[in-house]
Amino acid sequence: MAAPPLGLASRFAGVFTSPAVAHSGSRPRGLRPGLLPSKRWSGVVRMGAVVGGGQDGEEDEELRQTKEQAAARRRWETLIREQKIKTLTPREAGYTFKLTDKALLDVRPSNERQKAWVKGSTWIPIFDVDTSVDLGGLSKKVSNFVMGGWWSGSSTLSFNKNFVQQVEEKFSKDTDIILVCQKGLRSLAACEQLYNAGFENLFWVQGGLEAAEEEDFEREGSQPFKLAAIGGVSEFFGWTDQQRRQAAKEGLGYRLVFTGRLVGALVLLDALFLGAQRIGPLLQELQSR
């Protein structure tokens, strides 16, 4: 996604490059580079640290998060290297879901799921939109908005403490389950949770639905898979990386929609500015009477 003006606090922790396998018993192959946790996904990493037994202390927050990220990355790499979690590309996952009895588990939050989802998939979010209205929840929402939510449309998410229980109610532990999220990170954290709970046949979709082409899965919903996670001002004006790539495919008509929105916004701002200039003297005149 394009960076917002004034600098959205964002940091990438690294690139996931460990070897993986597509199917049980097949040769390991290199994973395509993907994004590791940034501050936007720090909740995922904190959850991952809890799964492995995070340490308490008075360490600096940045240092603690860095250690948690590194620990989660090592655990995930080990699970894939030892083939405890199998890796599928989006295209492989699509074919597998269509041609076998494997289940497809979508672990994305509701704000992404409602825009686009795979037909026939099961939805159990590992994180979902935080709907709390207490002081702590409101504080987090305000902080998220100020730190870039207004630009990116990102929502404050909370960890679903009943995730494993809900999956256990839906599937037996010997079920073949393909896990998918938007970019591949939350589904990998979900794989770790389910593996630790005793699930035996887990498949991770590397890169998530954002790396999928429309023909890879049968889609339902109003948006293409690649646009399901964008929002805010950047989406309205078509300034996200995903929309730029979409515009390159669809041509001038797609671009004109967002150009029209930008021109309309500029006209509105100009009208408000001129109105303010006229109202100011009028108010002064009324006060002097």
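The following passage describes the overall composition of a predicted model and the surroundings of one of its strands, β9.

In this predicted model, local features require pLDDT of at least 70 and side-chain atom pairs count only at pLDDT 80 or more, while totals for chains, interfaces and linings use all residues. Residues are numbered from 1 along each chain as its sequence is written, and side-chain values use heavy atoms, with hydrogens and water left out.

The chain contains ten helices and eleven strands (DSSP runs numbered from the N terminus, with H or I over at least four residues for helices and E over at least two for strands). Of its 289 residues, 42% are buried, that is, under 20% relative accessible area with a 1.4 Å probe, protein chains only. The accessible surface of the chain is about 15,600 Å², and carbon and sulfur atoms account for 56% of it (Shrake-Rupley method, 1.4 Å probe). Among contacts (heavy atoms within 4.5 Å) between residues at least 6 apart in sequence, 69% join residues at least 24 apart.

Strand β9 spans residues 176-180, and four of its five residues are buried. Strand β4 (residues 103-106) runs parallel to β9 and is joined to it by four bridges; pairing requires that DSSP find at least two bridges between two strands. Within this pair, Leu104 has Ile178 of β9 as its bridge partner. Strand β10 (residues 201-205) also pairs with β9 in the parallel sense, over four bridges, and Trp204 of β10 stands opposite Leu179. Helix α7 (residues 185-196) carries the chain from β9 to β10 in a right-handed β-α-β crossover: with the strands pointing away from the viewer, the path from the first strand over the helix to the second runs clockwise.

Technical notes
Buried < 20%, exposed > 50% of the residue type's maximum accessible area, 1.4 Å probe, protein only.
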